[in-house]
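Colleague: I would like the reasoning behind the labels on this one. Shall we take them one by one?

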Amino acid sequence: MSESPSDKIADQIIIMHEVAHARGAKSLVITIPEIFCERTNCPGVKERRQIINKHLRMYAAAAGSKVYLSDLALKLSLHQLSLEDRKSFWEPSGVHLKAKGYDKMAEIIFKDLMESIESPIL
C-alpha cells in the first residue's frame, strides 16, 4: 500500500526535524491550524491536515527531549475562537492571519516553547 500525500508531507516535515537532531539541535513541532474553507468548499483539506497533524503529534511524543510541541491546531482552533477573535485574527479569505492573528500565533508558540524548556525532563 502506498503512502498518501498527507503521509508523505508529514514524513518530509519529520525528516527536516531529524536533520536538525543529527546536528545536536532540538526542534519545535508545530501543528497546522484549520482554515475557513475546510467547513465549506475545500474537499479533503481538513482530512489531509488532520492526518499530517496526527503524524506530527505522534512524532513529538515519541521523540522525547529532542522535540517540543506547539499544537496550533488545538490552541488556534477556529471553533474555539469567538466571532470577534475570528474577525480580528483572520483575513476575510480565512486562509491567512492578520497581524493580530500572527501575534496570537507567536504568543502561543512562545508560551509552549518556554513551558517546554522550563519543565523538567522526565
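Modeller: Bear in mind that this is a predicted model.

Colleague: Start with strand β1. Which side chains of β1 are buried, and where do they point?

Modeller: S27 and V29 are buried and point to one face. L28 and I30 point to the other face and are not buried. That fits the rule: in a regular strand, side chains alternate between the two faces of the sheet.

Colleague: What makes β1 and β2 a pair?

Modeller: Pairing takes at least two bridges. β1 and β2 (residues 67-70) are joined by four, and they run parallel. Within β2, L69 is the bridge partner of V29. From β1 the chain passes through helix α2 (residues 45-63) to β2, a right-handed β-α-β crossover.

Colleague: How do you know that C37 and C42 form a disulfide?

Modeller: Their sulfur atoms lie 1.8 Å apart. The cut-off is 2.5 Å, so the pair qualifies. The structure holds one disulfide.

Colleague: Why is this disulfide called left-handed?

Modeller: Because the torsion about the S-S bond is about -110°.

Colleague: Why is C37 called buried, and why is C42 called partly exposed?

Modeller: Buried means under 20%. C37 has 13% relative accessibility, so C37 is buried. C42 has 21%, so C42 counts as partly exposed.

Colleague: Why is K66 called partly exposed?

Modeller: Its relative accessible area is 35%, and partly exposed lies between 20% and 50%. K66 sits in the loop between α2 and β2. Its contacts beyond four places in sequence are E18, H21, K26 and S27.

Definitions and conventions. Residues are numbered from 1 along each chain as its sequence is written. This is a predicted model: local features need pLDDT of at least 70, side-chain atom pairs count only at pLDDT 80 or more; totals for chains, interfaces and linings use all residues. Side-chain values use heavy atoms; hydrogens and water are left out. Buried means under 20% relative accessible area, exposed over 50%, partly exposed in between (1.4 Å probe, protein chains only). Helices (H or I, at least four residues) and strands (E, at least two) are DSSP runs, numbered from the N terminus. A crossover is right-handed if, with the strands pointing away from the viewer, the path from the first strand over the helix to the second runs clockwise. Contact means heavy atoms within 4.5 Å.
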